[in-house]
Structure formats: structure tokens, C-alpha cells
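Good morning, colleagues. Please have the sequence and the structure open in front of you while I speak.

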Amino acid sequence: MDIQRLETAALHAGHDVTNTQGTRAVPIYQTSSYVFNNTEHAANLFGLKELGFIYTRLNNPTNQILQERLAAVEGGVGAVVFASGTAAIATGLMTLLRAGDHIVASSSLYGGTFTLLNVTLPRLGITTTFVDASNPEEFKAAVQDNTRAFFVESLGNPKLDVLDLEAIAEQAKAAEVPFIVDNTVASPALLNPIKHGANLVIHSLTKYIGGQGNSLGGAIVDAGTFNWANGKFPEFTEPSAGYHGLVYHEALGAAAFTFKLILEGLRDFGGALSPTNAFNIIQGLETLPVRIKQHSANALELATWLEARDEVAWVNYPGLESSKYHELAKKYLPNGQSGLLTFGLKGGFEAAKKFTDATKIFSLLANIGDTKSLIIHPASTTHQQLSVEDQAGAGVTQDLIRLSVGLENVEDLKTDITNAFSAL
Ligand SMILES: *Cc1c(COP(=O)(O)O)cnc(C)c1O
């Protein structure tokens, strides 16, 4: 099947029903391992002379369908799934980099990613310079001899800054390093970073792709466009001590990083996705294109309504004309700007906490991208570990409230917010 368009690929890519006894739904292959035909077959699989399933830490038929589907909807040559978005990011960076390497990253990142780059990876000798991603020149200025990756979020969580991906991709190209884009908040239904120059795309599948708040998962989609033989990545051009002297770039070409992620990343770090979670996430991916339209429409409607309320000091949603990211949103997110919005109350920090405690439909929890509406006050929760300066870099002010607008009737959401205002 030659699948082209998003809605069709989200439903069909990767699943040839003749390989699954005709099952119309993708089956859950809930197994840890696979019976070999004989010892020769086993030796061939381990030696990569034949491709096939060995052990679910490396691959699994349900996971593989999800991988092919994600590659199709993002326009990559391959994808690898992980136990969570965090496992995808950590395994991806540990597979790509070595002690002594350096990353240039946007300061506007998911709190967990920021801490990984700012605290944990430096302990292993991998350092990061954080830059204001609204100025692509800052990436160029931060490049060092040992820089080996650029890392950004296409739509920052929770700053909701829309980046000029093409301008940053140009700087990554000049520096000859892969451009890694976490596309979790936008989702592949609204933005495909590969079309704008990204080499690797990251997703927390836990969010809009799974979409129902029931399963953790993560993925890396490989555009297959990066030249690993440019002299900066010897582990792709020299025999791999960890895999029988395999020379990834020579043997696997455009799929070199995808295979390295499986053969070394999953083998050594072990962050494999459970097949049952892969199944749950596939159910979500199938309806992502229709869901994300309604998330976006509800968020725009609420943002517009909030802007006109007396209690509200400011509203940030890239779909609003008042947003400083509106022009970039028109270019990069023309079909909707996803379901997150942030706002501040005139009463500041104390009012934000009171308001957050008073909503009834919006659940107070640390997640986004659920069908149900969610609320959080990042300064006291997700970004509590960050210094005030790092919070500012991430766009987190003391008064900021983040909403993940769900699929409820938007009039009921307005009523819930109006009731919470009267509690102030
Ligand atoms: C949630 C999130 C992550 C981490 O994903 P988990 O599945 O929670 O590990 C990474 N990046 C962004 C933008 C996120 O929102």
C-alpha cells in the first residue's frame, strides 16, 4: 500500500493484514521472546545476516507496526519506540554522544529534559549550552569544536514558543551536527519538523499521540538525512566494538542511526516499550488527526475568551493575533496550534494557586494531551527544581497557569473557569 496522506497513514501504515491472520485491528504480541527455527537461524538473526525477532527488548511485531506508522506520519526512514518520551531522549543522546561532547539547546524545554541536559548528562561528561531559541544566531554563537547536536522543541512546553525551525536547521547544517526536534506538543498532525530540516524527531507518545492519558511511550523518528560520515561521528564510520565490528554508516546507510538505536540503545539501556502500551498508543494515533483539530479549536476559543476577562492579566496561545509567535505559527502551524495555552491572573502567584485548586472539570495533574482537560501551576510543580533564572528561560513565571484543553464542550470549560474565578 502506497500511503501518502496523514489521515490514511495514521490508520494503515505498517500493518499488512496478511501478516497478522487478517486481523483488522493491530494485534498485541504479548511475548518476551521468539522461537528460533534452529541454531543456524538463531545465529543468523544475532549476526544480522537475517532480520527477524529475537527478544522484545529489541523489537516486537506490535511495536514494529507503531514504529513504521510513526515514520510514515513524520516522513522519516525509520522510527524506534521506547518506554517513555524521556527514555527516547536519554537513549537517543547516549547512543549519539560520548563523554566530551557538547549540545546546543533551546532554553525553552520540558522540565525533565532541561534537568537531563543541565544536571545529569554533565555528570557523564556531556555538556549543554542553553540559548534563546527565538534568535537562531545564538545557536551559531554557541557552537564549539566538540558540539555534536542541536536540541529544541518545535512548540516549547510550557513557553509555547514557536521556533523558526528552518533558520535553526540552517545553523545546524553549517555546524555539521544533527538537528533534533522534540515535536510532542505540536504532534505530527500539525507539524512535520523533517520538512523543515530536522534530522531526528522526538515524541513523548504519552501525550497527544496516545491521547487518552493511559500509557507512557516515546519515539525517535530518523529522517535519514544526516551525513554520519562527515568526520565528527567516528562511531558510525569505524567498526563497532559493541556489534561485531559492524560499520553502521557503510552497512546501513540512511538507516544507520535507527539501527544503532535498536542494536545498542535498546540493547544496552533497555528502555523498551511494552507491546500492550504500543497497542494503546496505536489506538490513539489512529484518531490523532481528528482529535488534534478539536483540541486546537477548543484552545483557540478558550484563549480568545480568556483574553477578554477582567481577572486575566495575559494569555499566551500561538493562535492568538496578540501572540508574538503568531507569524511563525502561521508558517509552521497553519492547521491549528494544539491544545496548550498559558495565562496569568492579575492576582499573581497566590491567585494562580487558588484558581488551580478551584477548577472541577480541569484536573490538577502533571500531564498534557489527554482527551480530558488538565491544569497545572508549573512554578510550584513541574519547574519547582529549576532556579528562578532557569524558570525564566523556560518561560515559567510565578503567575503562569498551564491548561491542556481537552475535548469537552468548550462552554462547559468556560463555566468551570468562571466558577473558579468567583472563588478568588
Ligand atoms: C512529557 C514530555 C516529555 C517526556 O515524555 P514522558 O513520556 O513523560 O517521559 C518530553 N518532551 C515533552 C515536550 C513533553 O511534553
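I begin with charge. The chain carries 29 positive and 42 negative charges, and the mean positions of the two sets are 2 Å apart. I should say at once that this is a predicted model, and every value I quote is computed from it.

Let me turn to the overall form. The chain contains 15 helices and twelve strands. Along the principal axes, its C-alpha atoms fill a box of roughly 75 × 55 × 35 Å. The radius of gyration is 22 Å, which agrees with the value near 22 Å that a compact globule of 424 residues would have. Of those 424 residues, 55% count as buried. The accessible surface comes to about 17,400 Å², and carbon and sulfur atoms account for 51% of that area.

What share of the contacts between residues at least 6 apart in sequence joins residues at least 24 apart? The figure is 70%.

I now move to individual sites, starting with Ser-215. This residue sits in the loop between β6, residues 200-204, and β7, residues 218-222. Is Ser-215 buried or exposed? Ser-215 is buried, because its relative accessible area is 6%, and the cut-off for that class is under 20%. Its side chain takes part in two polar contacts that I would like to point out. One joins it to the side chain of Asn-214 at 2.9 Å. Another runs to the side chain of Asn-280, also given as 2.9 Å. Setting aside residues up to four places away in sequence, Ser-215 touches Thr-206, Asn-277, Asn-280 and Ile-281. Asn-280 therefore appears both as a polar partner of the Ser-215 side chain and in this list of contacts, where contact means heavy atoms within 4.5 Å.

Next is Val-221, which belongs to strand β7. With a relative accessibility of 1%, Val-221 counts as buried. Beyond the residues up to four places away in sequence, Val-221 touches a list of residues that includes Leu-70, Ala-71, Glu-74, Gly-76, Gly-78 and Ala-79. Also among them are Ile-194, Asn-199, Leu-200 and Val-201. As for Phe-151, the C-alpha atoms of Val-221 and Phe-151 are 14 Å apart in space, with their positions 70 residues apart in sequence.

The third site is Thr-147, in strand β4, which spans residues 147-153. Thr-147 likewise counts as buried, at 1% relative accessibility. Which side chain does the side chain of Thr-147 meet in a polar contact? The partner is His-102, at 2.7 Å. In addition, the Thr-147 side chain reaches the backbone nitrogen of Gln-144 at 2.7 Å. Leaving out residues up to four places away, Thr-147 touches His-102, Val-104, Ala-142 and Val-177.

I come now to backbone geometry. As general background, most residues other than glycine have a negative phi, and most peptide bonds are trans. Three places in this model deserve mention in that light.

The peptide bond from Asn-157 to Pro-158 is cis, with omega near 10°. Pro-158 is located in the loop between β4 and α7, the latter covering residues 165-175.

Gln-21 is not a glycine, yet its phi is positive, near 60°. Gln-21 lies in the loop between α1, residues 6-12, and α2, residues 39-46. At 81% relative accessibility, Gln-21 counts as exposed.

Leu-48 also has a positive phi, of about 60°, although it is not a glycine. Leu-48 is found in the loop between α2 and α3, where α3 covers residues 61-74. Leu-48 counts as partly exposed, because its relative accessibility is 26%, and that class lies between 20% and 50%.

Finally, I draw your attention to Ala-99, in the loop between α4, residues 85-96, and β2, residues 102-106. Ala-99 is exposed, with a relative accessible area of 57%. Apart from neighbours within four places in sequence, Ala-99 is in contact with Leu-124, Gly-125 and Ile-126. How far apart in space are Ala-99 and His-196, C-alpha to C-alpha? They are 30 Å apart, and they are 97 residues apart in sequence.

Thank you. I am happy to take questions.

How values were computed: Residues numbered from 1 in each chain as written. Predicted model: local features only at pLDDT ≥ 70, side-chain atom pairs only at ≥ 80, totals over all residues. Heavy atoms only, no water. Helix = DSSP H or I, 4+ residues; strand = E, 2+ residues; numbered from the N terminus. Rg over C-alpha atoms; globule rule 2.2 N^0.38 Å. Buried < 20%, exposed > 50% of the residue type's maximum accessible area, 1.4 Å probe, protein only. Areas by Shrake-Rupley, 256 points an atom, 1.4 Å probe, with all protein chains shown as cover. Lys, Arg positive; Asp, Glu negative; His and termini not counted. Charge placed at Lys NZ, Arg CZ, Asp CG, Glu CD. Polar contact = N/O pair within 3.5 Å; in protein donor to acceptor, adjacent residues only side chain to side chain.
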